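Subject: Structure handover

Hello,

Here is the structure we talked about handing over. My notes on what was found in it follow below the display.

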Amino acid sequence: MRKLLLESLFRQPFTEQAPSPDDDAVTELATALGRAARRRLGRSLSIREVDAGSCNGCELEIHALNNAYYDVERFGLRFVASPRHADVLMVTGPVTKNMRDALERTYDATPNPKWVVAVGDCARDGGCFAGSYAVVGGVSQVVPVDLHIPGCPPPPTVILQGLLALLDQTAKSAAST
């Protein structure tokens, strides 16, 4: 026991390196996203995250958007607790049979204009869970999807890029009509 204690006192901790993206690049991306949200909606973008049956890999990356490194709330992106306050439903994982009704009800409770973003490969088509007796399929099997962000799991910068692309796409389609 002493030997283990002494070794732990002198051994370096096992930690991962900080994320590699440049601070300026992340700041520029989040600033552009906040500006696009205010231009399109006249206010901050409100996001409701829904776990429809995932392994939680995508949730960890989405939650990283709120940590001290990314801190997207300073740029006008907010995660909200109620779908009634949301502009975007960010859905992760394959939709399980138990979550199908809850996802439909959450979608119905979200006011217009609303967008659905399927985050991760499982949200697209069920991923490695496809074909399971407990899985309905991807998010598009239950509610209409406006954007799919690929990856297993997608990193936070890719999620930010996807949200910016969604706002740019909807602004272009609104201008053409």
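Accessible areas here come from the Shrake-Rupley method with a 1.4 Å probe. On that basis the accessible surface of the chain is about 10,200 Å², and carbon and sulfur atoms account for 52% of that surface. Please keep in mind that this is a predicted model.

Overall make-up

The chain has 177 residues, 42% of them buried. Its secondary structure consists of six helices and seven strands, and from the N terminus the elements follow the order α-α-β-α-β-β-β-α-β-α-β-β-α. Taking contacts between residues at least 6 apart in sequence, 81% link residues that are at least 24 apart.

The sheet

Five strands make an open sheet with parallel pairing, in the order β2-β1-β3-β5-β7. The edges are β2 (77–79) and β7 (147–149); each has a single partner strand, so one side of each has no neighbour in the sheet. From one strand to the next, the twist averages 25°.

Going through the pairs, β1 (residues 45–51) is joined to β3 (residues 88–92) by five bridges in the parallel sense. In this pair D51 sits opposite T92 of β3. Helix α3 (residues 57–64) packs on the sheet and touches β1, β2, β3 and β5 (115–119), with a direction at about 140° to that of β3.

β3 also pairs with β5, again in the parallel sense and over five bridges. T92 has V119 as its bridge partner in β5. β5 in turn runs parallel to β7, the two being joined by three bridges, and V119 stands opposite I149 of β7. Residue V119 therefore links to T92 on the β3 side and to I149 on the β7 side.

How enclosed is β5? Five of its five residues are buried, so the strand is largely enclosed by the rest of the structure. In a regular strand the side chains alternate between the two faces of the sheet. For β5, W115, V117 and V119 are buried on one side, and V116 and A118 are buried on the other, which leaves both faces covered.

Nonpolar cores

The largest nonpolar core has 28 residues, and those touching the most other members are L45, V88, V117, V119, I159 and L163. At least two residues of this core come from each of α2 (23–41), β1, α3, β3, β5, β7 and α6 (156–176). A separate core of 13 residues lies apart from it and includes L89, V91, V116 and V139. V117 is thus listed for the largest core, while V116 is listed for the other; these two residues lie on opposite sides of β5.

Setting aside residues up to four places away in sequence, L45 touches A37, G76, L77, R78, D87, V88 and L167.

Individual residues

S46 is in strand β1. Its relative accessibility is 0%, under the 20% limit, so S46 counts as buried. A polar atom of the S46 side chain lies 3.5 Å from the backbone oxygen of H85. Neighbours within four places aside, S46 is in contact with R78, V80, H85, A86, D87 and V88.

F79 is in strand β2, one of the two edge strands. Is F79 buried, partly exposed or exposed? With a relative accessible area of 26%, F79 is partly exposed. Leaving out neighbours within four places in sequence, its contacts are I47, I62, L65, N66 and V72. The C-alpha atoms of F79 and R48 are 5.8 Å apart, although 31 residues separate the two along the chain.

T110 is in the loop between α4 (97–109) and β5. Despite that loop position, T110 is buried, with a relative accessible area of 3%. A polar atom of its side chain lies 2.9 Å from the backbone oxygen of T106. Beyond neighbours within four places in sequence, T110 is in contact with P83, A86 and L89. Of these contacts, L89 is among the members of the 13-residue core, and A86 is also a contact of S46.

Regards

Notes
Residues are numbered from 1 along each chain as its sequence is written. This is a predicted model: local features need pLDDT of at least 70, side-chain atom pairs count only at pLDDT 80 or more; totals for chains, interfaces and linings use all residues. Side-chain values use heavy atoms; hydrogens and water are left out. Two strands pair if DSSP finds at least two bridges between them. Helices (H or I, at least four residues) and strands (E, at least two) are DSSP runs, numbered from the N terminus. Axes are lines fitted to C-alpha atoms, for helices over the stretch in contact, and angles run from 0 to 180 degrees between N-to-C directions. Contact means heavy atoms within 4.5 Å. Buried means under 20% relative accessible area, exposed over 50%, partly exposed in between (1.4 Å probe, protein chains only). A nonpolar core is a set of buried Ala, Val, Leu, Ile, Met, Phe, Trp, Tyr and Cys residues joined through side-chain atoms within 4.5 Å. A polar contact is a pair of N or O atoms within 3.5 Å; within protein, one must be able to donate a hydrogen and the other to accept it, and residues adjacent in sequence count only if both atoms are side-chain atoms.
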